[in-house]
Amino acid sequence: MEKIQTVKIQNPEYGDTYTAHIEKNGAGWLGQIQEVPEVKCEESTPDALLKVLKNKLHEVLIARADAWDKQIEEDIKAGRLEPLRKKALEDIKAGRYTDL
């Protein structure tokens with residue numbers, strides 16, 4: 001096996017940079033995104049591998065964002081954020097806040 005190569009992948013939608021680790025494995029190439037371990041694959045060329053890694057990364061990030069949105073909606077409907085809302089209003093009324 002050859003040495004592991006590190007390639008930076010920029011996600012244009014979110015503006016984040018991720019680190020892909022790729023390496024030759026026999027006739028193919030293996031790769032994964034360090035910060036998102038569920039994104040890993042094998043392809044025949046480094047270019048094909050990077051393309052698939054970028055696509056899978058995008059899919060996972062979209063799925064994570066959708067799951068986050070769904071969870072927040074469920075938490076709001078269930079009233080789990082109500083204590084935080086009340087505390088925030090109390091802090092505002094008492095002047096305990098900083099404008100961002």
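These are notes on the predicted model shown above.

1. **Overall layout.** The protein chain holds 2 helices and 4 strands. Read from the N terminus, the order is β-β-β-β-α-α. The radius of gyration is 21 Å, well over the 13 Å that the globule rule gives for 100 residues, so the chain is more spread out than a compact globule. The box around the C-alpha atoms tells a matching story: roughly 65 × 30 × 20 Å along the principal axes.

2. **Burial and surface.** Of the 100 residues, 22% count as buried. The protein chain exposes about 7500 Å². Carbon and sulfur atoms supply 54% of that area. On contacts, take those with a sequence separation of 6 or more: residues 24 or more positions apart account for 22% of them.

3. **The largest nonpolar core.** This core has 15 residues. The members that touch the most others are I9, I33, V36, V39, L53 and L57. Strand 2 (16-25), strand 3 (28-33), strand 4 and helix 1 each give two or more residues to the core. Helix 1 provides the largest share, 6 residues.

4. **I9 as a contact point.** Which residues does I9 contact, once its neighbours within four places in sequence are set aside? The list is D16, T17, Y18, A20, I33, L50, L53, K54 and L57. Three of those names, I33, L53 and L57, also appear with I9 among the core residues that touch the most other members.

5. **Salt bridges, and the one between strand 4 and helix 1.** The whole structure contains 5 salt bridges. One of them pairs R64 with E38, with the closest N and O atoms 3.1 Å apart. This pair links distant parts of the chain: R64 lies in helix 1 (residues 46-78), E38 in strand 4 (residues 36-43), and 26 residues separate them. Both ends are partly exposed. R64 falls in that class because its relative accessibility is 41%. E38 falls there because its value is 46%.

6. **A pair within helix 2.** E82 and R85 also meet through their side chains in a salt bridge, 2.7 Å from N to O. Both residues lie in helix 2, 3 residues apart, or about one turn of the helix. Are these two buried or partly exposed? E82 has a relative accessible area of 30%, so it is partly exposed. R85, at 45% relative accessibility, is therefore partly exposed as well.

7. **A network through D91.** D91 forms a salt bridge with R96, and the closest N and O atoms are 2.8 Å apart. Salt bridges with shared partners join K87, D91 and R96 into one network. D91 has a relative accessibility of 16%; the cut-off for buried is under 20%, so D91 counts as buried. Side chains of opposite charge can pair when their charged atoms come close.

8. **A nonpolar surface patch.** L89, I92 and Y97 make up a nonpolar patch on the surface. Together they have about 300 Å² of accessible area. L89 sits in helix 2 (residues 82-93). L89 is partly exposed because its relative accessibility is 39%. Helix 2 thus carries L89 of this patch as well as the E82 and R85 pair.

Methods: Residues are numbered from 1 along each chain as its sequence is written. This is a predicted model: local features need pLDDT of at least 70, side-chain atom pairs count only at pLDDT 80 or more; totals for chains, interfaces and linings use all residues. Side-chain values use heavy atoms; hydrogens and water are left out. Patches are made of residues with over 30% relative accessible area and no salt bridge: like charges are joined within 9 Å, nonpolar side chains (Val, Leu, Ile, Met, Phe, Trp, Tyr) within 5 Å. Accessible areas come from the Shrake-Rupley method with a 1.4 Å probe; for residues, only the protein chains shown count as cover. A salt bridge is a side-chain nitrogen of Lys or Arg within 4 Å of a carboxyl oxygen of Asp or Glu. Buried means under 20% relative accessible area, exposed over 50%, partly exposed in between (1.4 Å probe, protein chains only). The radius of gyration is taken over C-alpha atoms; the globule rule is 2.2 Å times the number of residues to the power 0.38. Contact means heavy atoms within 4.5 Å. A nonpolar core is a set of buried Ala, Val, Leu, Ile, Met, Phe, Trp, Tyr and Cys residues joined through side-chain atoms within 4.5 Å.
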